[in-house]
Amino acid sequence: MVDFAQYKINMNKVKIPNKVKYSDYEKNKDLKNYYGLPKQVVFCINCSYSNQKPNSEKEYKHNINTAKPTMDFVDDVCSACRMHKIKKEIDWEERKKELHDLCNKYRKNNGEYDCIVPGSGGKDSFYASYILKNEFKMNPLTVTWSPHIYTDWGFKNFQSWIHSGFDNYLFTPNGKVHRLLTRLAIDNLFHPFQPFIMGQMYFPPKFAYKMNIPLVFYGENPSEYGNKSNNKHTAEKDLSYFTSDINRLDSFISGVQVKDLISNFKLSEVDLEPYFPPDRNLLNNKISIDVRYLGYYLQWHPQECYYYAMEKGNFKPAPERTTGTYSKYSSIDDKIDDFHYYTTFIKFGIGRATYDSSQEIRNDEITREEAKLLIKKFDGEYPERFKNEIFKYLSIDRNDFPIQSPIFEKPIFDEEYFKLLTDKFRSPHIWKRENNNWVLRNSI
Ligand SMILES: [Zn+2]
């Protein structure tokens, strides 16, 4: 358990955050480390990650008292860099053969789909579906969990993906429920993306089960970059992350226990249905769903996926630089993305430019020195461009939410509220005050 009791949420009311005490951030004090993060900040000597980078976790158990599992460091080298080294030794021709064998096992020639490719129509999902269909002669059905608010260019890319030759199911969750859960997730966890992540993660295997399609293909395995068992490069997705073996009512969504979402926030079980992980036994027993990472079989290179998607699928980069980083082509379809990376910067000191540059260093696209400059320039940039739309989205106004609105001490989400919330989630071991400003204690 993390010493974070002062922030325990009062379930009967969502309160306005208190102003933080600057004295908690003063030097020579026993500085608190929130979320169970390592007290000592260490940077990887090879890339730009620090040891504060969180790993994926079981979201249906995630609440404010959950200690965050963080990236594993050995001799000041992060697990992503160690994994990258391991991958250089892989015989990719051999892996390709393994993929042919797997496809041969599942391929159908009777007019039915034989695999599901989840995605948004970004470069990675485009690459995955295209190569499975054209090179491996599979019959993929693509499925999409809708973004909160599409960017214009994101929606166009999504359309281009379908029009380049794929059937697609788009699932869009109930807009009101999704807004409420997103608001609760930012209030409780400072993680506006959490309900989205849950839906996006659980939808494809549940849908595969319903449609009787036994194979699901994801692209790269993000968790392989953080796992402690760093010499394992695996093809199968770890069941424990996207299925559950606990009672629905005891699980958490947006940091709130489901029973409280039902009793306090007056949501029904069916309102929450898209956010529940599939039952572990169901997926194991009735029909077994095989969930795989294509990144195990094919050498994954984000920039090459981008060129591939542009050439074969009319994919277009965003017309403007993405807030918080220097790139224009990865994860560009949701207007709330800028907020997501801003919150990771506040909680862990790791913003979007750190994520992007770390990967590009490993792929020999930029040097660590260049990364330092890019991080200094862009990391943690305030999410200015879509803020009015997002604040409106996060507001639980009386008109749209007559029942839930009174539960919020401040239902209308505005800049002042966001600032209070931001400060509440700054861990003293990461942040300090300098000349009336917030400054990171440690930077690369
Ligand atoms: Zn590294």
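This is a short tour of a predicted model, stop by stop.

**Stop 1: the whole chain**

Show the full protein chain. It holds 17 helices and 11 strands. Its radius of gyration is 22 Å, close to the 22 Å that the globule rule gives for 444 residues, so the chain is as compact as a globular protein of that length. Turn the C-alpha trace along its principal axes, and it spans about 65 × 50 × 40 Å. Colour the buried residues: they make up 45% of the 444 residues. Now think about contacts with a separation of 6 or more. Residues 24 or more positions apart account for 77% of them.

**Stop 2: the nonpolar cores**

Select Cys115, Ile116, Leu132, Val216, Phe217 and Ile253. These residues belong to the largest nonpolar core, which has 86 residues, and they touch the most other members. Zoom in on Ile253. Which residues is isoleucine 253 in contact with, leaving aside its neighbours within four places in sequence? They are Leu181, Pro195, Met198, Val258, Leu261, Leu272 and Tyr275.

Next, select Met71, Cys81, Ile361 and Ile375. They are among the 15 residues of a second, separate core.

**Stop 3: helix H14**

Ile361 also leads to the next stop, since helix H14 covers residues 352–362. Select that helix. How many of its 11 residues are buried? The count is 11 of the 11, so H14 is largely enclosed by the rest of the structure. The buried residues include Arg352, Asp356, Glu360 and Arg362. Tyr355 and Ile361 are buried too.

What do the buried residues of H14 pack against? Show helix H1 (79–88), H12, H13 and helix H15 (368–378), and you have the partners. Then step just past the end of H14 to aspartate 364, which takes a positive phi of about 60°.

**Stop 4: two asparagines in loops**

Go to asparagine 314. Find it in the loop between helix H12 (302–313) and helix H13 (337–348). Asparagine 314 has a positive phi of about 60°, although it is not a glycine. Is asparagine 314 partly exposed or buried? It is partly exposed, because 15 other C-beta atoms lie within 10 Å, and a residue needs 20 or more to be buried.

Finish at asparagine 435. This residue sits in the loop between strand E10 (431–434) and strand E11 (437–440). Its phi is also positive, near 45°. Count the C-beta neighbours of asparagine 435 inside 10 Å: there are 5, so it counts as exposed.

Technical notes
Residues are numbered from 1 along each chain as its sequence is written. This is a predicted model: local features need pLDDT of at least 70, side-chain atom pairs count only at pLDDT 80 or more; totals for chains, interfaces and linings use all residues. A nonpolar core is a set of buried Ala, Val, Leu, Ile, Met, Phe, Trp, Tyr and Cys residues joined through C-beta atoms within 7 Å. A residue is buried if 20 or more other C-beta atoms lie within 10 Å of its own, exposed if 12 or fewer, and partly exposed in between; C-beta atoms are placed from the backbone. Two residues are in contact if their C-beta atoms, placed from the backbone, lie within 7 Å. Helices (H or I, at least four residues) and strands (E, at least two) are DSSP runs, numbered from the N terminus. The radius of gyration is taken over C-alpha atoms; the globule rule is 2.2 Å times the number of residues to the power 0.38.
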